[in-house]
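Hello,

Here is the structure I promised to pass on to you. Have a look at it first, and then read my notes underneath.

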Amino acid sequence: MRNVTKDNITDVFSSYFGDDTDPRVKEVLVALARHIHDFTRETKLTHDEWRKGLEFLEWAGRITDPERNEFVLLSDVLGLSSLVDMQNSNPEATSSSVLGPFHVSNPPALEVGGDMKRDFEGEVLLVHGYVRDTNGDPIPNATIDIWQTAPNGLYSSQDPDQDIHSFHGLMTADEEGRYTFTTIRPVCYTVPSDGPVGEILNAAGRHPWRPSHLHYIVSAPGYRTLVTEVFPSDDPYLDQDTVFGVRDDLVMTYVPQPAGSFPDGYKLSGKVNDAYSRVDFDLILAKQ
Ligand code: BEZ
Ligand code: FE
């Protein structure tokens, strides 16, 4: 087509595909082009704005490395990651929520009843729950990968003073599907905002905070792997998570427990006679 106009460019784009193109690839690319073209017409995008957008992507590329992926962060703060999560979730299973960039490979084994906080000090949190199927029946021996921030608000991979495995643990739930461990109550923290994504947040008058949370990846043979988080019901950022990860079924009450009531059977290191909190959070997996 040699007579390309601003009104027919989307149709022309669609006509340029080869005969052997995978139909799904074509469907996604045509829809992408249609939305980009509509966006350009709707906003009457100028050359300066278009160039700024490309410079933004170039900057994101420059600071992306194996430890920091600015494109994933961009997807997170735009709500894209959460939208993909929600539209691919099974409504009968626990909601999925953002993975984030701070998971580490080969986490250390954490036994049922183990202590993930090791020598760190702070408010002890006892986490307890069951892995179940969508009928409510326990799934025995599921694998649960758990991670969180240290009390200073940093993940191990962000903090040279922490062992890379601190506040990470890999647990196998027991025969009844039960998992439980002790840790320190995680704190709310900010997503990295010193790069191009931070500029977007600034320009939009948005803050970079996330409510405090524990991350989980739960897997069991025959079930869909669940990537999720649990949030405390009293967190000040619950209604303004900068990456849109909060869902109703992931918000739990962290119940204060009196001093001297710590249950037996846990490997808690340090003081067992202080007050602590407890959260119960079941993980419901959908069949594959
Ligand atoms: C996190 O929860 O660790 C996280 C999620 C999205 C972006 C940055 C951090
Ligand atoms: Fe996180």
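Below is what I found, going from the domains to a helix, a cavity and some aromatic rings.

Please keep in mind that this is a predicted model. The domain assignment of the chain gives two entries: domain 1 covers 9-45, and domain 2 covers 75-285. If you take the C-alpha centres of domain 1 and domain 2, they lie 39 Å apart.

A good place to zoom in is helix α6, residues 196-203. Its buried residues are P196, V197, G198 and L201. What covers them? The cover includes α3 (47-63) and α4 (70-77). Just after α6 comes G205, which has a positive phi, near 65°.

Helix α4 also holds E70. Is E70 buried or exposed? With a relative accessible area of 0%, E70 falls under the 20% cut-off and is therefore buried. Setting aside neighbours within four places in sequence, E70 is in contact with A60, I63 and T64, and also with G195, P196 and V197. Two of these contacts, P196 and V197, are among the buried residues of α6 listed above.

Next, the empty space. The structure holds 1 cavity of 30 Å³ or more. The largest cavity has about 90 Å³ of space in it. Which residues line the largest cavity? They are L73, D76, V98, G100, P101, F102, Y189, V191, P192, R210, H215 and V243. By type, that lining divides into 8 nonpolar, 2 polar and 2 charged residues. D76 and R210 are the charged ones, while G100 and H215 count as polar.

Finally, the aromatic rings. How many aromatic pairs does a search of the whole structure find? The search finds 10. One of them joins F262 and Y276: the ring centres are 5.0 Å apart and the planes are at 65°, so this pair is edge-to-face. The pair links distant parts of the chain, with F262 in the loop between β11 (255-257) and β12 (276-280), and Y276 in strand β12, 14 residues apart. Both F262 and Y276 are buried. Elsewhere in your viewer, you could pick out Y179, F181, Y216 and F281, which ring pairs link into a cluster.

I hope you enjoy looking around, and do write back with any questions.

Best wishes

Note on methods. Residues numbered from 1 in each chain as written. Chains lettered and ligands numbered in written order. Predicted model: local features only at pLDDT ≥ 70, side-chain atom pairs only at ≥ 80, totals over all residues. Heavy atoms only, no water. Buried < 20%, exposed > 50% of the residue type's maximum accessible area, 1.4 Å probe, protein only. Helix = DSSP H or I, 4+ residues; strand = E, 2+ residues; numbered from the N terminus. Contact = heavy atoms within 4.5 Å. 1 Å grid on protein atoms, 1.4 Å probe; cavity = no way out; pocket = protein on both sides within 12 Å on 5 of 7 lines; lining within 4 Å. Points joined across faces, edges and corners; volume = space filled by probe spheres on them. Domains from an automatic or database assignment. Phe/Tyr/Trp six-rings, centres within 6.5 Å; stacked < 30°, edge-to-face > 60°.
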